[in-house]
Structure formats: structure tokens, C-alpha cells
Amino acid sequence: MPLSPRFRPASLALLLIPALALAPQAGRAEGTAGAFLAAREAGVMNDFAASLPYLQRLQLADPANLGTLESLAVSAFSVGEFDLAAQTAGELAALDPANRAAALLLLAKAFHEGDYAAALTISDSGASIHPLIEGLARAWAQLGAGRMSDALATLDTVAGVEGMQAFAEYCRALMLATVGDVEGAVAVIEDDAAGVSTALNRRGYIAYAQLLALSERYDDALALIDTVFAPGADPAIDRMRAAYAEGRALPFDVIASPGEGMGEVFSVMANAMVTGRNPLEALIYAQASVWVNPALTESQLLIGQIFEEMDQPQMAAAAYEAIPADNVFGNAARMGRAQVLETLGRRDEAIADLQAMAGANPQSYAAHSVLGDFLRRDNQFAAAAEAYSRAMDLLTEAGLEPEWQLWFSRAVALSRADQWQAAEADFRAALALQPDQPTVLNYLGYSLIERGEKQDEAMEMIERAVAGDPDSGYILDSLAWALYRLGRYTEAVAHMERAVEMEPTDAVLNDHLGDVYWAVGRHREAHFQWRRALSFAPAEDLDEERLRRKIEVGLDTVRAEAGEPPLHPAN
């Protein structure tokens, strides 16, 4: 259930970088300066788990330091250490009742425990968390306390805030559904003025379909499912489809309690924060949502993605591993974990896991496509092409056209597997779908230049690629290298220099610039660039042996030794 584009979540300033909330005096206690610096450094690196022992040491030395307490509470919550976070938040709230970080964490604790009286106390405490959080927390807590009329009145207030109406009304529909007012819930969702039906997310559509079936509108429920959900992607959806086809309703189970309703609120806020490029705040809300409702695997997946973005691969892997393999997001989690394993230098393990996933999900085109990506990066080009082909076959069997990216990926794998004719056909198929796609134009044009084929067409492709993405150093390299291969050395210089300026540490580009300099007689500068290229090695597509030989004897001799024509043929 996305928020309105007009809605811009206010920043939780004290949650942005937890370790930086540490007040300088936190390190003044005897013997704690090292712990202060270590905690601060860990926080800057987003390594909140590593910061915890140092923050705990600081807390023991100075139990009333607000900065230390806040950093400890938020850092612990960020990594799912909920008990430590809640205990520390309680201590912080006792010293600073208006502290928004403490209020948010204690609010999550209250809903986790189903303590709606405590949730009401916190939402009415005056601690400014966020208008959406405060209002909806009050409404769900009122429902939990048996005060349905008060809850609906609170939602009226929230719905009056600009950009909030659709989500507030969606919460109204969920509340009505939990108390058995199915028709009322459907009416809220289908009220065009409320705008709920046009802003539903995946869980919202599931709720809508369940409510339609409970209203005995089975055809409408089936039509909704068939429009939104692909067959076979989620066993739970498939069970719903089968039941509704038989005219049999299933219980409403999107949420089962007011606490889980608040979990939906936290989940929506997490996604809003990610969209707003506030990953640390998104992490707090995502952790709150899964603490309140562990079934919110969407939020668990988001936690893994956020940790990846924060360069915390171990935490990301742990978050992905918490999602069961048979969950609807199980495959996405395994793919995320594979990416993390590759980051950690464990590509073989990642590929083995992806192969097992593809074997267990033979009808999943995504499983085969992602496996192809990993195999290609592992230089298993023929196997990668086979994986891509399987993915494309599955799409075709489902009546779907493979997108240009899949054609391009298979083309790259085929070209690296020395199956050029098939590769060229795939490149051209990608261009048939996206005629001006710079990456495809560049790769195909560059490959043709390297092969000495269709030179005029290749140059035209590369020039179009540059026009489409003029700020890409790699595409400029292709243009410069094409000019070089065509003997237009002087023209190549400016483009090659610009390419290296944009990608200064790329070994291949520096090597190419050296060759271009040599071709125009700038031999000293050529040697400098070749040495720079060697300093950035190893690199894919860089022939280090040839590079070292060029540094030793120059490009003309290397070309002669390789049987290549001279740069400047005698007339």
C-alpha cells in the first residue's frame, strides 16, 4: 500500500546515523575514549552490530548519557537485538520522555506484546515520532483496547492530512475486516473518493481478493487474482484461486490482530523511507514491522537489501536466510544471498545454491536468468547461455516476450563462448526491441570493429551509443578504439583521453590510451599510460603479457611479433 507521491516522510533526525548521536562527553569517562572512538567509527561504517559492545561499555561508565543510550538503543534495534533495544529505550525514555527514538522503539515493543494500553500512552505522550505513525498507532491501539468508534474517528483525522487519505482508508478497511464487517471493508476499498483500490500493494490485493470472496463475489475475486498475480508464483495465491473457482471462501488472514495492523503501517513507512533514500530510517521501520509481525517477509527481504546497500554483507546474508525457502519471497531471498556470497568472494557457493534453486523451481524464469548472470560473471559462458535460453523458453511458453536485457545477456555469453553468429542474432534481437539502447549498440559495434566486420555499420552504432549516453567512459572508449582500429589515430586521441578522464582507474582504458598515444608518436606518454594500466591490473580483457612487452619494446615491435600489420603502412 504505497503512500501518496505528495507524502514526504519527515526525517527522524536522531535515527539517521545512530553512532553520531553520541555526545562528545560520552568518551570523557576514565578509560572510555577508545570505546567512544570505536563505537563512532563502527556507526559511520554502518556496522551497528560491531558498535554494540563499545556502546554498552560507554553506558556502564555513564548510565545517564542520553547520546550513548540513544545510540545503543537504535543500533541494537537496527540489527534486530530487540530486547536490548527495548530495555535501553525504556531507560532513555525515563530520562528524556520526549525522545522520539525511544518513543518509536517502545511503541513497536507495545504492539509486539499486544499491550495496547501502553501503545496508547506512548502515542499520547507528546513525543513527536511522525504524524502518520502517531495517528495510526493511536487508531490501532484504540481498536486493540476495544474502542472501535474511537479508532474510526482517529482514522478520519489521519485521512484529512494531505497525501494520507488512501492509506488511512486502507487501515479502515483492515479494521472492519478484523471485526467481521466484510461488506463495509469492501465498500471502503471500492470507494473511488478514498482512492484505496488504485494504490494497493501486493498484500492489499490479497486482502481485497479475500474480502471479495467472503462477500461471495467469487468471479470478481478470480478476475482480480488473474490480473495481478502470475499463476504458480505463490502457492497461497494458487490455493485462493482454486477455492474461489469452487465457490468456496477462505478466512481473512492478511492480519489477525491490531498489532499486525500496525505492522502494516511500519512496513509502509519502511518502503517510503527507501523510496526517499533514507536507508537507515527504512531499516528501523522494517525491523519494527517484522518484530510486530514476523510473517511480513516483504520487510525481511527489505532488511537484507538495506544491509547490502550499507555494505554489511554478513548482516544481509543473515536477513535473507531468515526467509524460509518455501515462502513467496524465498527465491528472491536466495538470489539476494547469492549476491552477498559473491561479494564475499564465495561465488562457487553462490552458483551452487542458485543451481539448486533453479533445479527446485524448473518453471521459474527468474531463477534461470539470475543463474545465467552468475555463470557469465564466472566465465562459464556456454553454461550461462544455456541458463538464459531456459529462461527465455519459459517466458515464451507463458506467452511473454523476453525483454531486451535477456537477449543482450545471452548475446554476451554466446559471444564470449565463441558462438558469434548466434550472439550477433541476439544482439540484433535486443536492438529490435530497443533500437537506441546505448549498451547494446556499444557492445555490438565494438565487437564488429574488433572482428573487422561491417565497419561502417559498427561505427554508426557506436556513434549512436555515444549520443545516447555521452557520459559513459566505456562507450567513449569504444568510439576511440574504433577510430584507432580504422587508422584514424588523431581523431581517436581526444575521445580516448576523455574516456580515461571519466574512468581513470580502468586498466583496459589506460592501455588503450597508451596505444593511441603511441600511434600518434607520443611514445613517452604511451609508456606512462601502459605503466598506469599495469598498476590497475588484473582486469578482465587485459592482456598483461602483451602490456608488459609493450612497455619493454614498444607497440610497433609487439605488433610485428604478433603478425599484425604496422600502424603506419609504407606507401
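The protein has 31 helices and zero strands, in what is a predicted model. Taken along the principal axes, the box filled by its C-alpha atoms comes to roughly 95 × 75 × 40 Å. Of the 571 residues, 52% are buried. As for how the chain connects to itself, take the contacts between residues at least 6 apart in sequence: 55% of them join residues at least 24 apart.

Now to how some of these helices pack. Two packed helices are described by the angle between their axes and the distance between the axes. For helix 11 and helix 12, the axes come within 7 Å and cross at roughly 160 degrees. That angle is over 145 degrees, and the two helices therefore count as roughly antiparallel. The crossing of helix 11 and helix 12 is left-handed. On the helix 11 side, the contact is made by Tyr205, Tyr208, Ala209, Leu212 and Ala213, which meet Tyr218, Asp220, Ala221, Leu224, Ile225 and Val228 of helix 12. Sorted by class, that gives ten nonpolar residues, no polar ones and one charged. An α-helix has 3.6 residues a turn, so residues three or four places apart point the same way.

The loop between helix 11 (202–214) and helix 12 (218–228) holds Glu216. Its backbone is worth a look: phi of Glu216 is near 65 degrees, a positive value in a residue other than glycine. Most residues other than glycine have a negative phi, and most peptide bonds are trans. With a relative accessible area of 62%, Glu216 is exposed.

Asp311 makes a good companion case. Though not a glycine, Asp311 has a positive phi of about 60 degrees. The loop it sits in runs between helix 16 (297–309) and helix 17 (313–321). Asp311 is exposed, its relative accessible area being 62%.

A further backbone feature turns up at Pro538, which is joined to Ala537 by a cis peptide bond with omega at about 0 degrees. Pro538 belongs to the loop between helix 29 (523–535) and helix 30 (544–553).

Back to helix packing, with helix 9 (residues 165–178) and helix 14 (residues 258–275). Here the axes come within 11 Å and cross at roughly 155 degrees, and this pair is therefore roughly antiparallel. The crossing of helix 9 and helix 14 is right-handed. Phe167, Cys171 and Leu174 are the helix 9 residues in the contact, and they meet Glu264, Val265 and Val268 of helix 14. The split is five nonpolar, no polar and one charged.

Helix 15 (residues 279–292) offers a simple length check. At 1.5 Å a residue, its 14 residues should span 20 Å, and the C-alpha atoms at its ends are indeed 20 Å apart, which agrees. Helix 15 is also mostly covered, with 13 of its 14 residues buried.

A few single residues fill in the picture. Helix 19 (residues 347–360) contains Asp353. Asp353 has a relative accessible area of 17%, under the 20% cut-off, so this residue counts as buried. Once residues up to four places away in sequence are set aside, Asp353 touches Arg334 and Arg337. Met335 is 18 residues from Asp353 in sequence, and their C-alpha atoms are 8.8 Å apart in space.

Another charged residue, Arg559, is found in helix 31 (residues 555–561). Arg559 is buried too, at a relative accessible area of 13%. Not counting residues up to four places away in sequence, Arg559 touches Tyr484, Arg546, Glu564, Pro565, Pro566 and Leu567.

Ala49, in helix 2 (residues 48–61), is partly exposed, with a relative accessible area of 33%. Leaving aside neighbours within four places in sequence, Ala49 is in contact with Val79 and Met315. Ala423, in turn, is 374 residues from Ala49 along the chain, and the C-alpha atoms of the two are separated by 47 Å.

Methods: Residues numbered from 1 in each chain as written. Predicted model: local features only at pLDDT ≥ 70, side-chain atom pairs only at ≥ 80, totals over all residues. Heavy atoms only, no water. Axes fitted to C-alpha atoms, helices over the stretch in contact; angles between N-to-C directions. Helix = DSSP H or I, 4+ residues; strand = E, 2+ residues; numbered from the N terminus. Parallel < 35°, antiparallel > 145°, perpendicular 65-115°, else oblique. Left-handed = near helix turned anticlockwise from the far one by under 90°. Contact = heavy atoms within 4.5 Å. Expected span 1.5 Å × (residues − 1). Buried < 20%, exposed > 50% of the residue type's maximum accessible area, 1.4 Å probe, protein only.
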